[in-house]
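Please walk me through this structure in the viewer. Tell me what to select at each stop and what is there.

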Amino acid sequence: MGEDWSYMAKKEKKPTDKLADKTALTKFLQGIFGDAQKKTLRRMWKKAQEVNKLESKYEKMDDEELAEQTEIFKKKIDKALKVARAEQGINRSGKKRPPVDDTKILNELLPDVFAVAREVSKRVLGLRPYDVQLIGGIALHEGNVAEMKTGEGKTLVAMLPAYLNGLTGRGVHVVTVNDYLAQRDAGWNGPIYDFLGMSVGVIINNASFVYDSEYENEDHEDERFRHLKPATRKEAYAADITYGTNNEFGFDYLRDNMTSEVQYLRQRGLNFAIVDEVDSILIDEARTPLIISAPAGDNPDSYYQFAKVAARLTPEDYILDEKRRSVTLTDKGIEKVQEILGVDNLYSTKNTRLVYHLEQAIRAEIIFKRDKDYVVTNSGEVIIVDEHTGRLMQGRRYNEGLHQAIEAKEGVVVKQESMTLATISFQNFFRLYTKLSGMTGTAFTEAEEFQQIYALDVIQIPPNKPIARVDKDDLIYKTKVAKLKAIAEEIKKYHEKGQPVLVGSGSIANNEEIARYLDAQGIHYEILNAKNNEREAAIIAKAGEKGAITLATNMAGRGTDIKLGDGVKELGGLVVIGSERHDSRRVDNQLRGRGGRQGDPGTTQFFVSCEDDLMRIFQGDRVKMLMTRLGVDDDMPIQTKAISKTLEAAQKRIEGFNFDSRKNVVQYDNVINRHRKVVYMMRRKILEGDDIFPEIKRLMRDEVKMLTEFSSRVNKKFDEEFKAVFDFDDDLIHEIGLMRKEKDRDKLALEAVEEAYHKKELEFGAETMRKVEREVYLKVLDTLWMQHLENMQHLREGIHWRSVGQRDPLVEYRSESQKLFDGLQRNLREEVLKILLSITPAEAAADNVTDGEEYESELTKMAEGQTERGVNEISAGDKNMDDEFKKGAKKTAPKRAVVRKGSSKKKSAKKKKSKAKRK
Ligand SMILES: Nc1ncnc2c1ncn2[C@@H]1O[C@H](COP(=O)(O)OP(=O)(O)OP(=O)(O)O)[C@@H](O)[C@H]1O
Ligand SMILES: [Mg+2]
């Protein structure tokens, strides 16, 4: 691992402000260039110097001439690509020319392009990108993760490679963690792109826009939001540069693979993505795949029943592994459950379904805690709390029945299980981009994962100004109560001086506890937790003002700019207090980074108690005993490197577990990913092709070949099997079956099939037949794919019961899923041919296949219903949830309908309401 840059930077003597840009960096780079990191940085730094050299050239240009550079660049790119195509012998002018690698020409143009962008930024935003920002831009362009501390100006950094790569016209996606940031960042850089003649689109939940300087939306106070003009998704994607959230980019990809006509496609290829807050998106969020689903019937009663069983378990009935977050029943527990359920052997195969329900009920009961892992709204909705950010993850549901189990445990309405229409993990979605890059303040601790899963290198880019923040050693208290009280005291102390304090907690409960202490003292504060995340950005932005106290969850308001108020610098800057150590060092670092932005002064301090989860799991008891033995009072903290080290080791271990579990997600998803690729590719071919007859011919050949492999002498079921697919005259089938040579059987059968098909075509007319082929194929493919997803899900759920022996569940899963996929392909062939050979013009007309109107398969119908409902629902946006938590509000059945992560739209659950109330 590399060193900690902030540490190195701290050793720097303060440069004068004016020279800061150059001195800090130059000095830094004058050090030894040993390892690969530094070599890379040095190369990039040199490249940045080329940009610097060009500064005066573009400075001299007037606005018009400067804006014209875009066209000049584009022409150069075109010309270079033409040459490259000719060299590679790709000069036919088909509709789909294979893309030529544009890396070389873009690298050549980079210094000029960056220099122009810098000049424009100076003119329209009044910001001159620093050298380190140029380096960041280069790192992104080259497909790396650029680690740049918070407040270093990453929003502006992304503009540079976005402009450069946008010049090719192939599209650039700038990916943000939420709707707010997507709009803000598009609108922030918008004037630069606009000046340069580059179009900008925005894709968010429920809405899409294009940037238009003429357009004025009066509803927004923030200037950056005012020029976003509503547009279709297709238009937003057609822009040179498109800002959007990870969820929506992913969902649109899935939606596009459910659409029935080319004209409905939203996206055009996945070319280059710049992922902001890349650790949050590619690591934290990567544990839950994107799913679009529709309701499927399942009886919720069993969930209530099993919740009751789980509630009756006592600690000796199970073994809890807190580190891995798993529970297993002891023999005693198994006996107890069997008795309650009245079954002899819980683990016999016929009880698989029981075990599955039971397992989720036990996890819900023992591992998942209300107000920590999830909250329950007054309307009886169970909403997941993101463990890293403390945000409410609305619409997202735990999968595999866990969410239902929690609903049953809480006695609220159990929502119907759903059927998956389409799904993909973030890992596999982002790997679809031709080039991927990312930026964040905190990536280095996860460098290995970025490399292994995404083949991304993490480049640590030094700060523009040395970091002046002081990170104090952890204070360790014996009890949690004493710790929280001490935090409140500390806040008060700083507050009296006027210094702003930002407190980050891992749970809502902690913040509320601290708030109570402050209330008692009559100290005013802002509390920001998952319950009112709408005002998050606005509140966090003010956290640096004099006397401000902000209690927030760990990463609340990530990406929000915290500016120090007047006179705060002199008081020592922002004080950041961590009320506990998080499982992951990265999250702690993120919190720390809230202070000391852009070389500002600041202090950070973490408070730990022996009763904190992390301490409890790893040696907390020993420390506590030691403290007691040493006669340390409850309100006396100790501060020792040894414990901090232990904590860090504990964090590393948990990070390791989490990495493993994400790797596991990928490994399983990789299996289905291969299937998805094949199916989506086929689907796209059909969707875009007018004439799929060659494909139909292939199906005929393959099917006939398979059916005629053995004669009826060998395969006694020959006639039966043949007739099941091709309903021909019995005598003919018999004749084929009796032929001795495989070649002859094959030939005769194929002739018969082709003849039958030709007859069909005469019935319809060739033109209509081509249409029918296309529609039938799509319909069958979609139906089978949906079934396949469901089968795969069941396989996945059941796999660890199957492989109780020594067998590796993943290996088992792979081989079983291959069988399922082979089955899918065979079914596809047979279904398509059977329908095409038997369908009559009347039936086709009734099915809407031939009348030229859009024909919908079940999947596309459902998918559209989904998106529509999604749109209506999501129009509420990041809705303010405050009311949901007011005491005494009425319980009503949930009325939400969402296309979201982890699951989606659930039908209104009126029927089950009575049951929920019963409890
Ligand atoms: N070259 C520059 N010169 C002056 N100010 C700049 C420059 N670049 C960025 N800034 C300012 O720095 C502040 C922080 O920018 P920004 O929010 O993009 O940082 P960030 O690196 O994305 O931080 P975070 O990690 O919190 O998201 C903004 O106020 C921005 O205007
Ligand atoms: Mg940012």
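In which hand does helix 18 pass helix 19? The crossing is right-handed. Keep in mind throughout that this is a predicted model.

**Stop 1: helix 18 and helix 19**

Select residues 480-497 for helix 18 and residues 508-520 for helix 19. Their axes come within 9 Å. They cross at roughly 55 degrees. Angles from 65 to 115 degrees would count as roughly perpendicular, and those under 35 as roughly parallel. Helix 18 and helix 19 are therefore oblique to each other.

Now show the side chains at the contact. From helix 18, pick Leu 484, Lys 485, Ile 487, Ala 488 and Ile 491. They meet Asn 510, Glu 513, Ile 514, Tyr 517 and Leu 518 of helix 19. Colour this contact by class: seven residues are nonpolar, one is polar and two are charged.

**Stop 2: ligand 1**

Centre on ligand 1. Its surroundings comprise 16 residues. Label the closest: Thr 150, Gly 153, Lys 154, Thr 155 and Gly 559. Which helix gives the largest share of the shell? Select residues 154-166: this is helix 7, and it supplies three residues. Coloured by class, the shell shows five nonpolar, seven polar and four charged residues.

**Stop 3: a sheet and its helix**

Go next to an open sheet of three strands. The order is 11-12-13, and the pairing is antiparallel. Strand 11 (374-376) and strand 13 (392-393) are the edges, each pairing on one side only. Select strand 12, residues 382-385. Three bridges join strand 12 to strand 11, and the two run antiparallel. To find one bridge, pick Val 376; its partner in strand 12 is Val 382.

Add helix 15, residues 402-410. Helix 15 packs on the sheet and touches strand 11 and strand 12. The direction of helix 15 makes about 120 degrees with that of strand 12.

**Stop 4: helix 26 and helix 31**

Finish with residues 693-707, helix 26, and residues 809-838, helix 31. How close do the axes of helix 26 and helix 31 come? They come within 10 Å and cross at roughly 110 degrees. The range for roughly perpendicular is 65 to 115 degrees, so helix 26 and helix 31 are roughly perpendicular to each other. Their crossing is left-handed.

Show Leu 699, Met 700, Asp 702 and Glu 703 in helix 26. Opposite them, select Arg 829, Glu 830, Val 832 and Leu 833 in helix 31; these two sets meet. By class, the contact holds four nonpolar, no polar and four charged residues.

Note on methods
Residues are numbered from 1 along each chain as its sequence is written. Chains are lettered from A and ligands numbered from 1 in the order in which they are written. This is a predicted model: local features need pLDDT of at least 70, side-chain atom pairs count only at pLDDT 80 or more; totals for chains, interfaces and linings use all residues. Axes are lines fitted to C-alpha atoms, for helices over the stretch in contact, and angles run from 0 to 180 degrees between N-to-C directions. Helices (H or I, at least four residues) and strands (E, at least two) are DSSP runs, numbered from the N terminus. Angles under 35 degrees count as roughly parallel, over 145 as roughly antiparallel, 65 to 115 as roughly perpendicular and the rest as oblique. A crossing is left-handed if the near helix is turned anticlockwise from the far one by less than a right angle, and right-handed if clockwise. Two residues are in contact if their C-beta atoms, placed from the backbone, lie within 7 Å. Ala, Val, Leu, Ile, Met, Phe, Trp, Tyr, Cys and Pro count as nonpolar, Asp, Glu, Lys and Arg as charged, and the others, Gly among them, as polar. A residue is near a molecule or strand if its C-beta atom, placed from the backbone, lies within 6 Å of it. Two strands pair if DSSP finds at least two bridges between them.
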